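Please walk through this structure with me, beginning with its helices and moving on to its cores, its charged pairs and its aromatic rings.

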Amino acid sequence: MAVGITPQTPASAPAPDGSETTTPPAWTERPAPTPDDYPQFASILGITGEVRVECRVSIEGRPVDCQAVSSRPAGLGFDPIATAIVERGRLSPARDKNGPVESSISLRVPFSINSSPFPEVPSWDGPEPSPAQRAAGEKYARRALLDPAFSLEARWGLQDMPEEMRKTVHSWIDELFRDDMSFRTLSLAMARVLARRGLDSLPLEKPEDWSDWVVELRSAKSGYFDARSANIELRRRYCARYDCGPSIDLS
């Protein structure tokens, strides 16, 4: 899913000592957000957000002491990500008649999504797995279910949620996604991926194109688990109880 995070050009404020500046600060290196900056749970459910960030600008042109002064929605991790994004930028410092001076900036950091978070998953069209590929799929499932990276909190980014929200969302995911991470679904999906790739066993080392394997695994669950319907229902429940930010088209 593609995401965009575009900080606006900041507006300058008077220098901390109250003196007037003749040249306001201006970006020389704009903050460079990436899709990985998007809060994990919000990204999965297609939740947009906006954070107002205020910073001091040092005489070296660095945004420092950045703080999120307002944000929507709360509890999903937009605040710390927004301030970290802004702090990556560099500015030409504000100047008065005597040279560079400290100043402050205030800017809006919007988090947006430019595609549907729940695309239709096509039916799997790969070959039928062999017994060897099914056995390898079962080996993968046993290993995956013991991996901390496959824990519910890690996969969904629940670690930083307020406790009450985290417990509620955790219970919804347990109910709606039980079959998604079951031994049966994981083993059969990996067997399908191996069959399509013409492999009878898992590689000894994680492949360099592992991200492609992950995409194939999601598609290989077709017929075993309806991820789109589960995600839509999870979003419906979450948005009925909590703030989901500006609405988006889920079609």
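In what follows, a residue is called buried when its relative accessible area is under 20%, exposed when that area is over 50%, and partly exposed in between. The model is a predicted one, and every value below is computed from it.

Helix H3, which spans residues 131–144, is a convenient place to begin: its 14 residues reach 20 Å from the first C-alpha to the last, close to the 20 Å expected at 1.5 Å a residue. Its buried residues are Gln133, Ala136, Gly137, Tyr140, Ala141 and Ala144. Because these residues cover an arc of only 145° around the axis, they lie on the same side of H3. On the other side of H3, Pro131 and Lys139 are exposed. As for what the buried residues of H3 meet, they pack against helix H6 (183–197) and helix H7 (210–220).

Helix H5, residues 163–176, also has 14 residues and reaches 20 Å between its first and last C-alpha, again close to the 20 Å expected at 1.5 Å a residue. The buried residues here are Met165, Thr168, Val169, His170, Trp172, Ile173 and Leu176, and they pack against helix H1 (40–45), helix H4 (152–156) and helix H8 (227–241).

Those contacts lead into the interior. The largest nonpolar core has 39 residues, and the ones with the most contacts inside it are Phe41, Leu76, Val169, Leu234 and Tyr238. The elements that give two or more residues to this core are H1, strand S4 (49–57), helix H2 (78–87), strand S9 (103–113), H4, H5 and H8. Tyr238 shows how such a residue is surrounded: leaving aside residues up to four places away in sequence, Tyr238 touches Phe41, Leu45, Ile47, Ala74, Leu76, Met165, Val169, Trp172, Asp243 and Cys244. A second, separate core of 15 residues includes Ala144, Leu194, Trp213 and Ala220; Ala144 is also one of the buried residues of H3.

The charged residues add another set of links. Side chains of opposite charge can pair when their charged atoms come close. The structure holds 16 salt bridges. In one of these, Glu120 pairs with Arg228, with the closest N and O atoms 3.5 Å apart. This pair links distant parts of the chain, since Glu120 lies in the loop between S9 and H3 while Arg228 lies in helix H8, 108 residues apart. Glu120 counts as exposed because its relative accessibility is 62%, whereas Arg228, at 22%, counts as partly exposed.

Another salt bridge joins Glu216 to Arg197, the closest N and O atoms being 2.9 Å apart. Here too distant parts of the chain are linked, with Glu216 in helix H7 and Arg197 in helix H6, 19 residues apart. Glu216 has a relative accessibility of 16% and therefore counts as buried, while Arg197, with a relative accessible area of 28%, is partly exposed.

A third example lies within a single helix. Arg236 forms a salt bridge with Glu233, with the closest N and O atoms 2.8 Å apart; because these residues are 3 apart in helix H8, about one helical turn separates Arg236 from Glu233. Glu233 is partly exposed, its relative accessible area being 22%. Salt bridges that share partners join Glu175, Glu233, Arg236 and Arg237 into one network.

The aromatic rings remain, and the count comes to 9 aromatic pairs. The rings of Tyr38 and Phe111 have their centres 5.7 Å apart and their planes at 85°, so this pair is edge-to-face. Tyr38 belongs to the loop between strand S3 (26–29) and H1, and Phe111 to strand S9, so that the pair, 73 residues apart, links distant parts of the chain. Both Tyr38 and Phe111 are buried. The rings of Phe41 and Trp156, by contrast, have centres 6.3 Å apart and planes at 50°, so their pair is tilted. Phe41 in helix H1 and Trp156 in helix H4 are 115 residues apart, and their pair likewise links distant parts of the chain. Phe41 counts as buried at 2% relative accessibility, and Trp156 is buried with a relative accessible area of 5%. Finally, ring pairs link Phe41, Trp156, Phe177, Phe225, Tyr238 and Tyr242 into a cluster, and in this way the aromatic rings lead back to Phe41 and Tyr238, which are among the residues with the most contacts inside the largest nonpolar core.

Terms used. Residues are numbered from 1 along each chain as its sequence is written. This is a predicted model: local features need pLDDT of at least 70, side-chain atom pairs count only at pLDDT 80 or more; totals for chains, interfaces and linings use all residues. Side-chain values use heavy atoms; hydrogens and water are left out. Helices (H or I, at least four residues) and strands (E, at least two) are DSSP runs, numbered from the N terminus. The expected span of a helix is 1.5 Å times one less than its number of residues. Buried means under 20% relative accessible area, exposed over 50%, partly exposed in between (1.4 Å probe, protein chains only). The arc is that of the directions from the helix axis to the C-beta atoms. Contact means heavy atoms within 4.5 Å. A nonpolar core is a set of buried Ala, Val, Leu, Ile, Met, Phe, Trp, Tyr and Cys residues joined through side-chain atoms within 4.5 Å. A salt bridge is a side-chain nitrogen of Lys or Arg within 4 Å of a carboxyl oxygen of Asp or Glu. Rings of Phe, Tyr and Trp (its six-membered ring) pair if their centres lie within 6.5 Å; planes under 30 degrees apart count as stacked, over 60 as edge-to-face and the rest as tilted.
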